[in-house]
Amino acid sequence: MSWLPYAVAAWLFGIGLFGISTSRNYIHLIGCLSVCQSATYVLLLGIGYRWDAIAPIFYDHPPGTPAVDPVMQALVLTDIVVGATLTALLLVLTLQVYKRRGTLDPERLRPMRKNAGGGRVGARQEPGTEAQL
Amino acid sequence: MSAILALLLLLTAASGTAVVLIREPRRQVFAIGLNGLILTVLFTALQAPDVALSELAVGTAAVPLLFVVALSAVRTASPSQSADPGDHTKSPEDA
């Protein structure tokens with residue numbers, strides 16, 4: 001049993017990396033990245049867990065009762081908040097990519113290819129320039 | 001207790017695999033929410049109630065909502081529109 005959290009964490013990280021490397025849609029890729037982050041939650045809580053221990057809340061327990069490690073739980077709490085922020089930031093970047101290039105497929109976003117994304121090369125020109133000319 | 005923990009850990013692995021293997025992003029949102037719910041129950045079983053509360057708020061509610069908002073923005077935004085939002089107001093005057 002003691003190796004099972006580490007095995008699950010390794011499996012989640014591996015399947016998340018597999019999803020990232022084979023994804024053809026940026027929104028799907030961000031979901032795979034959140035799977036990688038959930039691997040770190042399982043790993044940290046698996047490190048801090050103790051058998052037959054209480055939650056680290058000593059309101060109705062005497063001090064000195066065996067409790068699980070509260071430092072790891074604080075780290076996991078930070079990890080969850082950072083993960084949500086990272087997901088929001090990457091989704092905004094994905095929306096900007098879609099607005100500029102018109103696609104969400106990473107294969108169609110090679111930076112050195114001409115006319116990528118359906119020939120929207122002039123998208124960064126000044127608005128209304130061609131109509132005035 | 002050990003059997004419950006082992007079952008929840010295996011459920012977490014299965015739901016993470018489901019999130020990766022569901023390739024359609026609109027269906028993947030449901031898998032992400034289910035993954036957050038299973039992680040919440042796992043954290044409660046691992047004696048971490050505050051982490052479970054945070055995961056319930058963030059992983060089950062906030063992150064799927066972000067994905068839904070992003071998907072709706074992608075679906076409504078046509079790729080033929082211009083990149084700048086300022087162009088959106090100017091183009092009827094030019095035309």
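How many Å should the 21 residues of helix 2 of chain B span, and how far apart are its end C-alpha atoms? Counting 1.5 Å a residue, the expected span is 30 Å, and the end C-alpha atoms are 30 Å apart, so the two agree. Keep in mind that what you're looking at is a predicted model.

Let's start with the two chains one at a time. Chain A holds five helices and zero strands, and reading along its sequence gives α-α-α-α-α. It has 133 residues, and 27% of them are buried. Chain B has four helices and zero strands, so to speak an α-α-α-α pattern along the sequence. Of its 95 residues, 36% are buried. In chain A, 46% of the contacts with a separation of 6 or more come from residues 24 or more positions apart. For chain B that figure is 46%.

Now pick out helix 3 of chain A, which covers residues 70–101. You can run the length check here too: at 1.5 Å a residue, its 32 residues should span 46 Å, and the end C-alpha atoms are indeed 46 Å apart. Several of its residues are buried, namely M72(A), Q73(A), V76(A), I80(A), G83(A), A84(A), T87(A) and L91(A). Just after the helix comes G102(A), with a positive phi near 75°.

What does helix 3 of chain A meet? One partner is helix 2 of chain A, residues 26–48: the two axes come within 10 Å and cross at roughly 175°. Because of that angle, the two helices count as roughly antiparallel. On the helix 2 side, the contact includes Y26(A), I30(A), Q37(A), T40(A) and L44(A), while the helix 3 side includes L75(A), D79(A), L90(A), T94(A) and V97(A). Sorted by class, the residues of this contact come out as 13 nonpolar, eight polar and one charged.

Helix 2 of chain A also reaches across to the other chain. Its axis and that of helix 2 of chain B come within 10 Å and cross at roughly 10°. The pair is therefore roughly parallel. From chain A, the residues making this contact are I27(A), H28(A), G31(A), S34(A), S38(A), Y41(A) and L45(A). From chain B, they are P25(B), Q28(B), I32(B), N35(B), L39(B) and F43(B). Seven of the residues in this contact are nonpolar, six are polar and none is charged.

That helix pair is one piece of the meeting between the chains. Taken as a whole, 43 residues of chain B are in contact with 47 residues of chain A. Helix 1 (2–21), helix 2 (25–45), helix 3 and helix 4 (85–94) of chain B each supply at least two residues to the side that touches chain A. Which helix of chain B gives the most to that side? Helix 3 does, with 15 residues. By class, the side of chain B that touches chain A has 25 nonpolar, eleven polar and seven charged residues.

For a single residue at this meeting of chains, try I15(A), which sits in helix 1 (residues 4–22) of chain A. Is I15(A) buried or exposed? I15(A) is buried, because 21 other C-beta atoms lie within 10 Å and 20 or more is the cut-off for buried. Leaving out neighbours within four places in sequence, I15(A) is in contact with V35(A), and with G16(B), T17(B) and V20(B) of chain B. The C-alpha atoms of I15(A) and L33(A) are 9.9 Å apart, with their positions 18 residues apart along the chain.

Compare that with R75(B), which lies in helix 3 (residues 49–76) of chain B. R75(B) is exposed, because it has 9 other C-beta atoms within 10 Å and 12 or fewer counts as exposed. From R75(B) to Q47(B) is 28 residues in sequence and 41 Å in space, C-alpha to C-alpha. Q47(B) itself follows helix 2 of chain B and has a positive phi, near 65°.

Finally, a note from a record. In an unreviewed entry, UniProt places the feature "domain: MrpA C-terminal/MbhD" at residues 11–74 of chain B. In the model, that span is 91% helix and 0% strand, and its end C-alpha atoms lie 32 Å apart.

Technical notes. Residues numbered from 1 in each chain as written. Chains lettered and ligands numbered in written order. Predicted model: local features only at pLDDT ≥ 70, side-chain atom pairs only at ≥ 80, totals over all residues. Axes fitted to C-alpha atoms, helices over the stretch in contact; angles between N-to-C directions. Parallel < 35°, antiparallel > 145°, perpendicular 65-115°, else oblique. Contact = placed C-beta atoms within 7 Å. Nonpolar A, V, L, I, M, F, W, Y, C, P; charged D, E, K, R; others polar. UniProt positions renumbered as here; feature names shortened; annotations may be inferred. Expected span 1.5 Å × (residues − 1).
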